[in-house]
Amino acid sequence: MDVSDLKGLAVEVKKRMDAQIEHVRRELSGVRTGRASVTILDSVHVEAYGSHMPINQVASLSIPEPTMIVARH
């Protein structure tokens, strides 16, 4: 393996690692100890109007109590 291959490999590894770190940051941003957060439902999709859609596009999400999330259509 020559030096240019190693540089290319290092660039690709850094790119993938940065993407994974950003993913973990997004996931952890929705976690609040003892407090509900609607961001925890960002990855939830439901079938509506004949297609899969994010729940926040078909329902109104609210937090009436610190440990409760309410979705209303």
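**Note on the predicted single-chain model**

1. The chain contains two helices and four strands. Read from the N terminus, these elements follow the order α-β-β-α-β-β. The model under review is predicted, and every value quoted below should be read as computed from that model.

2. Overall dimensions. The radius of gyration of the chain is 19 Å, whereas a compact globule of 73 residues would have a value near 11 Å. The C-alpha trace spans about 60 × 35 × 10 Å along its principal axes. These two descriptors may be read together: the radius of gyration is 19 Å, and the spans along the principal axes are about 60, 35 and 10 Å.

3. Burial and surface. What share of the 73 residues is buried? Buried residues account for 12% of the chain, the criterion being a relative accessible area under 20%. The chain exposes about 6,200 Å², and 57% of this area is supplied by carbon and sulfur atoms.

4. Contacts in sequence terms. Of the contacts between residues at least 6 apart in sequence, 33% join residues that are at least 24 apart.

5. Salt bridges. How many salt bridges does the structure hold? There are two. In one of them, the side chain of Arg16 meets that of Glu12, with an N to O distance of 2.8 Å. In the other, the side chains of Asp18 and Lys14 meet at 2.9 Å, again N to O.

6. Placement of the salt bridges on helix α1. Arg16 and Glu12 both belong to helix α1, which covers residues 3-29, and they are four residues apart, about one turn of the helix. Asp18 and Lys14 are separated by about one helical turn because they, too, lie four residues apart in helix α1.

7. Accessibility of the charged residues. Is Arg16 buried or exposed? Arg16 has a relative accessibility of 57% and therefore counts as exposed, since the cut-off for that class is over 50%. Its partner Glu12, at 30%, counts as partly exposed. Asp18, from the second pair, has 39% relative accessibility and so is likewise classed as partly exposed.

8. Nonpolar patch. Which residues make the nonpolar surface patch of about 350 Å²? The patch is formed by Leu6, Leu9, Val13 and Met17. Among them, Leu9 lies in helix α1. With a relative accessible area of 43%, Leu9 is partly exposed.

9. The β1-β2 hairpin. Strand β1 (residues 45-48) pairs with strand β2 (residues 51-54) in the antiparallel sense, over four bridges. Ala48 has Ser51 in β2 as its bridge partner. The two strands form a hairpin with two residues between them. In the turn, Tyr49 has a positive phi of about 55 degrees, which a reader checking backbone geometry may wish to note.

10. Glu47 in strand β1. Glu47 is located in strand β1. Its relative accessible area is 64%, so Glu47 is exposed. As general background, side chains in a regular strand alternate between the two faces of the sheet. How far apart in space are Glu47 and Val58, C-alpha to C-alpha? The distance is 9.5 Å, and the two residues are eleven apart in sequence.

Terms used
Residues are numbered from 1 along each chain as its sequence is written. This is a predicted model: local features need pLDDT of at least 70, side-chain atom pairs count only at pLDDT 80 or more; totals for chains, interfaces and linings use all residues. Side-chain values use heavy atoms; hydrogens and water are left out. A salt bridge is a side-chain nitrogen of Lys or Arg within 4 Å of a carboxyl oxygen of Asp or Glu. Buried means under 20% relative accessible area, exposed over 50%, partly exposed in between (1.4 Å probe, protein chains only). Two strands pair if DSSP finds at least two bridges between them. Patches are made of residues with over 30% relative accessible area and no salt bridge: like charges are joined within 9 Å, nonpolar side chains (Val, Leu, Ile, Met, Phe, Trp, Tyr) within 5 Å. Accessible areas come from the Shrake-Rupley method with a 1.4 Å probe; for residues, only the protein chains shown count as cover. The radius of gyration is taken over C-alpha atoms; the globule rule is 2.2 Å times the number of residues to the power 0.38. Contact means heavy atoms within 4.5 Å.
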